[in-house]
Amino acid sequence: MEKVDSLTRAGRNCTICWPHVASGHGVAHPCTREYYSNYRWLNMKVSMAEDGEYFSIGSIISCKTCFSQEVEGEVVAFDHQTKMLMLKCPSGTGKGNLSDISIVNLNFVEDVVVKKEANSNPPPLPHLNIEKLNNRANAQIEERQRLRTALASGVGQEGLKLFLAIRKTINEVSWQGKNIVVMNQVTISPPYRPEDCKGKGDNNALTHVKKIVEKHVKDQQLQQNSQAAPSRSPQQQPPLTSP
């Protein structure tokens, strides 16, 4: 038999297992790591990995990897050439509106079970706004270039930390030399203190950014104080006195 899965290849090289596998008899030798009941069952596993139409989009598949990890989910895609199966699984966070995507290499699975076969046609692929995606990619490239320019111009750690702190709540943040520009309305110059914030006219934007900078400065000071405070050893603790 020429086409066997990866786990059976180990049995093929074993003088104990391969005669039994090739003849269609069951084998439970450690090198195969599982019990092959008969030749027909083995061929079924191979056909599932080789027939691209076997895994219908929307079917519920359960498989066990060679590391004994069980993966179960809805079939999203299957690549016939690479034997890669993509499953949509329940989110590990427990949130019902989220899903985890698992990509399984069928060359390294011990078992594949179709728990529910999809009978309906798969839904049409969602429309992709290519122009919007390209604009987003170009914006990210430009932002990386501005960050590289800022680093080359000598921006210190304080500026980088403040930039990342602002990005947590405001996406429209960029570099202009060593200056941080927020929403094209507020410019923060070194050394990046609240008094270094300058606005173009929108007082609400300036006030909001100043509050973010003030909070960031206070958090940094608290962190520095906690790291600089000497820890008192047990020998330095004051003795307990009994009443």
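## Helix H5 against the sheet

In this predicted model, helix H5 lies across three strands, namely S6, S7 and S8 (186-188), and runs at about 150° to S6. Helix H5 spans residues 157-167, while strand S6 covers residues 173-176.

## The four-stranded sheet

Strands of a sheet pair through backbone hydrogen bonds, in either a parallel or an antiparallel sense. Here 4 strands make up an open sheet in the order S6-S7-S8-S9, and their pairing is antiparallel. Because S6 and strand S9 (197-199) each have a single partner strand, they stand at the edges, and one side of each is left without a neighbour in the sheet. From one strand to the next, the twist averages 25°.

At the S6 edge, the antiparallel pairing with strand S7 (residues 179-182) extends over 4 bridges, and within this part of the sheet Ser174 stands opposite Val181 in S7.

## The aromatic pair between H5 and S6

A pair of aromatic rings is described by the distance of the centres and the angle of the planes. A search of the whole structure finds 1 aromatic pair, formed by Phe163 and Trp175, whose ring centres are 5.0 Å from each other with 20° between the planes. The pair counts as stacked, because planes under 30 degrees apart fall in that class.

The pair links distant parts of the chain, since Phe163 belongs to helix H5 and Trp175 to strand S6, with the two residues 12 residues apart. Both Phe163 and Trp175 are buried. The aromatic pair thus joins H5 to S6, one of the strands that the helix lies across.

Terms used:
Residues are numbered from 1 along each chain as its sequence is written. This is a predicted model: local features need pLDDT of at least 70, side-chain atom pairs count only at pLDDT 80 or more; totals for chains, interfaces and linings use all residues. Side-chain values use heavy atoms; hydrogens and water are left out. Rings of Phe, Tyr and Trp (its six-membered ring) pair if their centres lie within 6.5 Å; planes under 30 degrees apart count as stacked, over 60 as edge-to-face and the rest as tilted. Buried means under 20% relative accessible area, exposed over 50%, partly exposed in between (1.4 Å probe, protein chains only). Two strands pair if DSSP finds at least two bridges between them. Axes are lines fitted to C-alpha atoms, for helices over the stretch in contact, and angles run from 0 to 180 degrees between N-to-C directions. Contact means heavy atoms within 4.5 Å.
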